[in-house]
Amino acid sequence: AKRDGRNCFKIFESNMKQQVEEALDLETKLRRSSERKDFFLHYQPKMRVSDGKIMGVEALLRWKPDGDMVSPVVFIPLAEETGLIQTIGEWVIEEACRQLSVWQQRYHLPEDFSASVNLSVKQLNDDSVIHILERQLEEHKLSASLLEVEITETVVMEKTDQNLKVLCDIHNLGISIALDDFGTGYSSMSYLTQLPLNVLKIDRSFVNDMETVQGAAIVKAVVALAKGLSLKVVAEGVETKEQLERLKELSCDYVQGFYYSKPLANDILENRFSKDFGRRDK
């Protein structure tokens, strides 16, 4: 009744009890996993459009309690609602930096290679994320240019002086900042000149709609806007050769999507690295 605007009533149904019990059970499991750091990362390659080479990866959080994979669409909002996102987010940064350090020692990574991690609004509301990033870079002896953080338009829509300060501090560390899901929110484009951005990511919904005149026009406009602001452009959700060719015509810099690769477990990704970059110990 509250969700539907208050001042109304709802008749109790048995499935409501089941939904509440399932939600409580999931929250209990998430709290337990948060304490144990019982998560893992998959990595989706970012491909350079000009030559199809891997130039980076996006670290994507995965959770498999009791052997069953739970979608991030389900557990990430729950983690944010319960405040667990802070602990989980810190683990993601630590694990991504640890893995970056291994890759840096093991492979001849390209000069502009980077791994990106996603930051939530709640993480940006806390200055501690700066110290976490700084500490992990120092501990793993990583150049800040190897790391990228991704924020969504939600951060912009809820933009406060605190969020802007934290983003500027992250940028000052030398870490790149990417704006994800661009164009899907309702915020003004004026923030693009206010935020310390390096990368603009075109949402998959626009890429999927490129076969229409309107869809192609939107992608073309976003690419032109990014180029005008000296930002790199990444198109998400690329699944066909036709989409890739169209993005190449529009001078898009990088792409992600099933056309090249789904998110990969580390062992599979390292097989790709061995072929594309070569190992340092050979």
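**Exercise 1.** Which side chains meet Lys-165 in a salt bridge, and what is the N to O distance?

*Solution.* Start with the model: it is predicted, local features need pLDDT of at least 70, side-chain atom pairs count only at pLDDT 80 or more, and totals for chains, interfaces and linings use all residues. Residues are numbered from 1 along each chain as its sequence is written, and side-chain values use heavy atoms, with hydrogens and water left out.

Next, apply the rule: a salt bridge is a side-chain nitrogen of Lys or Arg within 4 Å of a carboxyl oxygen of Asp or Glu. The partner of Lys-165 is Asp-169, at 3.0 Å, N to O.

Then place the pair. Both residues belong to helix 7 (residues 161-172), four residues apart, about one turn of the helix. Helices (H or I, at least four residues) and strands (E, at least two) are DSSP runs, numbered from the N terminus.

Last, check accessibility. Buried means under 20% relative accessible area, exposed over 50%, and partly exposed in between (1.4 Å probe, protein chains only). Lys-165, at 43%, is partly exposed, and so is Asp-169, at 25%.

**Exercise 2.** Find the salt bridge between Arg-135 and Glu-90 and state which helices it links.

*Solution.* The side chains of Arg-135 and Glu-90 meet at 3.3 Å, N to O. The pair links distant parts of the chain: Arg-135 is in helix 5 (residues 128-139) and Glu-90 in helix 3, 45 residues apart. Arg-135 has 38% relative accessibility and counts as partly exposed; Glu-90, at 26%, also counts as partly exposed.

**Exercise 3.** Compare the expected and actual span of helix 9, then locate its buried face.

*Solution.* First, the length. The expected span is 1.5 Å times one less than the number of residues. For the 16 residues of helix 9 (residues 213-228) this gives 22 Å, and the end C-alpha atoms are 22 Å apart, which agrees.

Second, the sides. Gly-215, Ala-216, Val-219, Val-222, Val-223 and Ala-226 are buried. These buried residues fall within an arc of 125° seen down the axis, so they line one face of the helix; the arc is that of the directions from the helix axis to the C-beta atoms. On the other side, Val-213, Gln-214, Lys-220 and Gly-228 are exposed.

Third, the neighbours. With contact meaning heavy atoms within 4.5 Å, the buried residues pack against strand 5 (176-182), strand 6 (199-202), helix 8 (204-208), strand 7 (232-235) and helix 10 (241-249).
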